[in-house]
Amino acid sequence: MSHYDIVFVGYLGTYKVVPFDGPSSVESGGPVFFCVAAASCFLKRIGMVTRVSENEANLVELLKEAGIDLFMQRRETPRYRVVFPTAKVDERQVFLVKGGEHFVINDMPPIEPCLIHLAGWHIHEFPLEFMHALKARGFRLSVDMQAFMFQADSKTGALYIEDVPDKKEILGMADFVKLDAVEAKILTGTEVLQDQADILEDWGSSETVITSSNGVMVKSKGRTVLAEFNNRSNQGRMGRGDTVMGAYLACRLDHSIEESLRFAAALTSIKLESAGPFKGSLEDVNARLCQPGRF
């Protein structure tokens, strides 16, 4: 059986981005792509279980060049439209143009137990049965709560997020939980980041990563750690949280929460300044670590 430090699971796909100010663009990738791009700058053994269509062939080549081991299924992949109605980068409207099927345990290759990050963007991409089966095989889990919160309007395709009845069960199964401040508000009922993190920990989250426009908060074992972004623009807003999580998990394998969070915030600050995934180097991130936050 093959050995990996981290395996990322999720669809590749295509989305049209309609910014508040500027021309529209069509981009390919998805949460799993942003995660892997951020994690790949570390000297870790990284695998990726994905579904991909012929339209994403260029992404496959980029991932192979980055040294990612791919386990692919040829399937029709999701398509989305993302609209930013205001200049506030945390306000966006997402529309599902075409969806995909959920993952099942038989999709997993014969690999040794390791850390699995479920990087979803499709509705119900990861059923609870899939998560339970992964845990039964000895995998550690990291989850993006977005994949469990998305719902789609049956007429317009507009996506919205809502509370998750099984949230405590999901939180209890995961070693790492990622969500943004808006998603955390829906789950907990409060806008205060610290209160969000406290409530999620009380519900069973072992290590909670919450992103916002200012930076990232991590809560673990009663302790809270903060790191600020220092980006100069937000041209690369899409994939912010996934970039944070990919970098954080790869660093966290053998570093402290503080070191991992500072590194992830610095790497994400670079990514936020241009569209697409992170394309820099460890040297770029180390240089950015020396710069102050924006606030």
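For my tallies, Ala, Val, Leu, Ile, Met, Phe, Trp, Tyr, Cys and Pro count as nonpolar, Asp, Glu, Lys and Arg as charged, and the others, Gly among them, as polar. I also note at the outset that this is a predicted model.

**Entry: the cavity**

I went looking for enclosed space first. How many cavities of 30 Å³ or more does the structure hold? I found one. About 280 Å³ of space lies in the largest cavity.

Next I listed what lines the largest cavity. There are 21 lining residues, and P31, R92, Q146, M238 and D242 sit nearest the centre. Sorted by class, the lining comes out as nine nonpolar, five polar and seven charged residues.

Which elements each supply at least two residues of that lining? I wrote down α1 (31-39), β6, β12 (176-180) and α8 (240-252). The largest share belongs to α8, with three residues.

**Entry: the four-strand sheet**

Since β6 turned up in the lining, I followed β6 into its sheet. The sheet is open, has four strands in the order β3-β2-β6-β7, and its pairing is mixed. Its edge strands are β3 (25-29) and β7 (93-98), each of which pairs on one side only. From one strand to the next, I get an average twist of 25°.

Then I checked the two neighbours of β6. Strand β2 (residues 13-18) runs parallel to strand β6 (residues 79-83), and five bridges join them. Here I picked out two pairs: V17 stands opposite V82 in β6, and V18 has V83 of β6 as its bridge partner.

On the other side, β6 and β7 are antiparallel, with five bridges. V83 turns up again in this pairing, where its bridge partner in β7 is Q93. My sketch therefore puts V83 between V18 of β2 and Q93 of β7.**Entry: the nine-strand sheet**

I moved on to the other sheet I had marked. This open sheet has nine strands in the order β5-β4-β1-β8-β9-β12-β13-β14-β15, again with mixed pairing. Why is one side of β5 (69-74) and of β15 (223-228) left without a neighbour in the sheet? Both stand at the edges with a single partner strand each, so nothing in the sheet flanks the other side. Neighbouring strands here are turned by 15° against each other on average, direction ignored.

At the β5 edge, I looked at the pairing in detail. Strand β4 (residues 46-52) and β5 run parallel and are joined by six bridges. One facing pair I noted is V49 opposite F71 in β5.

I also looked for helices across this sheet and wrote down two. Helix α2 (residues 57-65) lies across β4 and β5, at about 160° to β5. Helix α6 (residues 181-188) lies across β12 and β13 (207-211), at about 105° to β12.

**Entry: α9 against α10**

My last stop was a helix pair. Two packed helices are described by the angle between their axes and the distance between the axes, so I looked up both. The axes of helix α9 (residues 257-271) and helix α10 (residues 282-289) come within 9 Å and cross at roughly 105°. Because of that angle, I logged α9 as roughly perpendicular to α10.

Which residues of α9 meet α10? They are R262, F263, A266, L267, S269 and I270, and on the α10 side I have L282, D284, V285, N286, R288 and L289. By class, the contact divides into seven nonpolar, two polar and three charged residues.

Technical notes. Residues are numbered from 1 along each chain as its sequence is written. This is a predicted model: local features need pLDDT of at least 70, side-chain atom pairs count only at pLDDT 80 or more; totals for chains, interfaces and linings use all residues. Side-chain values use heavy atoms; hydrogens and water are left out. Two strands pair if DSSP finds at least two bridges between them. Axes are lines fitted to C-alpha atoms, for helices over the stretch in contact, and angles run from 0 to 180 degrees between N-to-C directions. On a 1 Å grid over the protein atoms alone, a cavity is a set of points where a 1.4 Å probe fits but cannot get out, and a pocket is an open set with protein on both sides within 12 Å along at least five of seven lines; lining residues have an atom within 4 Å of a point. Grid points are joined across faces, edges and corners, and a volume is the space filled by probe spheres set on the points. Angles under 35 degrees count as roughly parallel, over 145 as roughly antiparallel, 65 to 115 as roughly perpendicular and the rest as oblique. Contact means heavy atoms within 4.5 Å.
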